[in-house]
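Please open the model in your viewer and keep the sequence panel at hand. The stops below are meant to be selected in order.

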Amino acid sequence: MGKQPNLYAFNDISALARTLRTYVIQCQNAGFERHNLFKVAVSGGSLPSTLANALLEPGDGGSDDAVDFAKWEIFFADERAVPLDHAESNYKLLKDELLDKIPKGMSQPNVHPINVEYLDDVQEMADQYQEALMQSFAAKDSVKLPIFDLLLLGCGPDGHTCSLFPNHELLRESDAWVAPIEDSPKPPAKRITLSLPVVTHGTKIAFVATGAGKKDILKQIFDTEEGRSLPCGLVNEGGAEKVSWFTDNGAVEDVGFPRRGSL
């Protein structure tokens, strides 16, 4: 058996957030050492709220517990083809839950929203977003895949992550960095998403999944053969030990997969 993902379970969200903060700052500082930037992809759902709990708490004052948003470059792991102020927008969610709550004295990160000129043409929207990635990660012909310092992802009740859905043809996309989807089984139907190879190519990949509503799908992902073919299972397989799951006890109540005690 090859190397496996790391599964962490906590008594409550605040305990999870404290460890997530440590983990994110470790990833941030490693990114600073590599290229003096922290390049991160985030998804929507409950993740931005948990991220705010983790990052906006005052630190202990030490250099290894400092969030330096000025050097953060934030992309979206997926986005819906809606205006940036729309209730379904992942950008709006991140803005409401995290960006607007960053204290005045702290710098703001560099955030890359979608180009809303192309709401009616998701292929062009995906191409434009890939162009933004190319500008950040070097020209596509010199880099086969972008390497994010960290991808922060969620897990849907069907095992989807980003806008990569079970049994969808996009799971086989191997060339594009960013792909359009016009038939998302979860509304809204039109979206763009990072492709699976981009996700698994990240330096670190973190899932945040909480609540008893996740326990059935997490048991499937971690404990069954068919769960390995779900999008989250494919990320586990492709990312192996680079993948860490931050969960609460309710979400992994029935999971037999071994849990790790600490980072």
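The tour goes from the whole chain to single residues, then to charged side chains.

This is a predicted model, in which local features need pLDDT of at least 70 and side-chain atom pairs count only at pLDDT 80 or more, while totals for chains, interfaces and linings use all residues. Residues are numbered from 1 along each chain as its sequence is written, and side-chain values use heavy atoms, with hydrogens and water left out.

**Whole chain.** Display the C-alpha trace: its atoms fill a box of roughly 45 × 45 × 35 Å along the principal axes. The radius of gyration, taken over C-alpha atoms, is 17 Å, which agrees with the value near 18 Å for a compact globule of 263 residues; the globule rule is 2.2 Å times the number of residues to the power 0.38. Switch to a cartoon, and 7 helices and 10 strands appear. These are DSSP runs numbered from the N terminus, helices being H or I with at least four residues and strands E with at least two. Of the 263 residues, 51% count as buried. Buried means under 20% relative accessible area, exposed over 50% and partly exposed in between, with a 1.4 Å probe and protein chains only.

**Two contrasting positions.** Select G156, in the loop between β6 (150-153) and β7. G156 counts as buried because its relative accessible area is 8%. Now add I217: the two residues are 61 apart in sequence, and their C-alpha atoms are 8.2 Å apart in space. Next select D216 in helix α6 (residues 215-223); D216 is exposed, at 59% relative accessibility. Its C-alpha atom is separated by 21 Å from that of L152, 64 residues away along the chain.

**Salt bridges.** Side chains of opposite charge can pair when their charged atoms come close. With a salt bridge taken as a side-chain nitrogen of Lys or Arg within 4 Å of a carboxyl oxygen of Asp or Glu, the count comes to 12. Begin at helix α3 (residues 90-97), where K92 and D96 lie 4 residues apart, about one turn of the helix. Their side chains form a salt bridge of 2.8 Å, N to O. Both are partly exposed: K92 at 25% and D96 at 34%.

Which residues does R228 pair with? R228 forms one salt bridge with E225, at 3.3 Å, and another with E237, at 3.8 Å. R228 is partly exposed, at 40%, whereas E225 is exposed, at 57%. Finally, select K215, E253 and D254, which are linked in a network of salt bridges.
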